[in-house]
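Visitor: Please choose one part of this model and take me through it closely, then set it against the rest of the chain. I would rather have one connected account than a list of separate remarks.

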Amino acid sequence: MTTTAPKTDTVTVARGAESVDPATLPVRPGEEPWTAEEVHELHDELIGDLERLRSEIDAADAAIAGLMRDSNDGAGDDQVDAGTKNISRESELALANNARDSLAQTERALERLEGVGFGVCESCGQAVGKARLQAFPRATLCVQCKAKQERR
């Protein structure tokens, strides 16, 4: 008697800009509706940002690994050399963390664009604004809600 494991056919489908109906993206009063070309441009920009940020993170990780490796070789270093190494390491860590935060925001924007919620303010539920999203596609708040958030 032979038993076989059940087959699981899992297929991951890249949704892409083609899955987005421009008519479903909200706009503020007075703005023109989104066009398919604008959605494609926005999608391509987000994909480009993903690739750029991933390479920045890889480069920062390599630089951090090098700095960590070099920090163990401190024989003969004076306080200034040790301090310089610490500042360099902390700077690289901050850059890597900023890139990771931007990557997470970009991934989320892409998921929202291909799914549900892109262009809707997470605070008030109104349209974020087409012009704002074209300038900053990772925006999740309208200008008014972002201004309130920054005043706090």
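**The largest pocket and helix 2**

Guide: The largest pocket holds about 180 Å³ of space, in what is a predicted model. Its lining is made up of 14 residues, and those lying nearest the centre of the pocket are Q105, F136, R138, A139 and T140. Two elements, helix 2 and helix 4 (143-151), each give two or more residues to this lining, and of the contributors helix 2 gives the most, with four residues. In chemical character the lining is mixed, for it divides into six nonpolar residues, five charged ones and three polar ones.

Since helix 2 gives the most to the pocket lining, that helix deserves a closer look. Helix 2 covers residues 79-114, and for its 36 residues a rise of 1.5 Å a residue leads one to expect a span of 52 Å; the C-alpha atoms at its two ends are in fact 52 Å apart in the model, so the expected and modelled lengths agree. The buried residues of helix 2 are R89, A96, A99, L103, T106, A109, L110, R112, L113 and E114, a set that includes charged side chains such as R89, R112 and E114 alongside nonpolar ones such as L103 and L110. When reading such a list it helps to recall that an α-helix has 3.6 residues a turn, so residues three or four places apart point the same way.

Just past this helix comes G115, which is placed in the loop between helix 2 and helix 3 (130-135). With a relative accessibility of 41%, G115 counts as partly exposed, because that value falls between the 20% and 50% cut-offs. In sequence G115 and V20 are 95 residues apart, yet their C-alpha atoms are separated by 7.8 Å.

To set this part against the rest, the chain as a whole has four helices and zero strands, in the order α-α-α-α along the sequence, and 28% of its 152 residues count as buried. Helix 1 (residues 36-71) carries H43, and both I57 and A63 are also found in helix 1. These three residues do not share one degree of exposure: H43 is buried, because its relative accessible area of 8% is under 20%, and I57, at 9%, is buried as well, whereas A63 has a relative accessible area of 28% and is therefore partly exposed.

Each of these helix 1 residues can also be paired with a residue distant in sequence. I57 and N97 are 40 residues apart along the chain, with 8.4 Å between their C-alpha atoms, while for A63 and E92, 29 residues apart, the corresponding separation is 7.2 Å. H43 is paired with E18, which is 25 residues away along the chain, and there the C-alpha atoms are separated by 9.6 Å.

Finally, the aromatic rings call for a brief comment. A search of the whole structure finds zero aromatic pairs, but a ring does take part in a contact with a charge, for the charged end of K130 sits over the ring of W34, 5.7 Å from the centre of that ring.

Note on methods: Residues numbered from 1 in each chain as written. Predicted model: local features only at pLDDT ≥ 70, side-chain atom pairs only at ≥ 80, totals over all residues. Heavy atoms only, no water. Phe/Tyr/Trp six-rings, centres within 6.5 Å; stacked < 30°, edge-to-face > 60°. Lys NZ or Arg CZ within 6 Å of the ring centre and 35° of its normal. Expected span 1.5 Å × (residues − 1). Buried < 20%, exposed > 50% of the residue type's maximum accessible area, 1.4 Å probe, protein only. 1 Å grid on protein atoms, 1.4 Å probe; cavity = no way out; pocket = protein on both sides within 12 Å on 5 of 7 lines; lining within 4 Å. Points joined across faces, edges and corners; volume = space filled by probe spheres on them.
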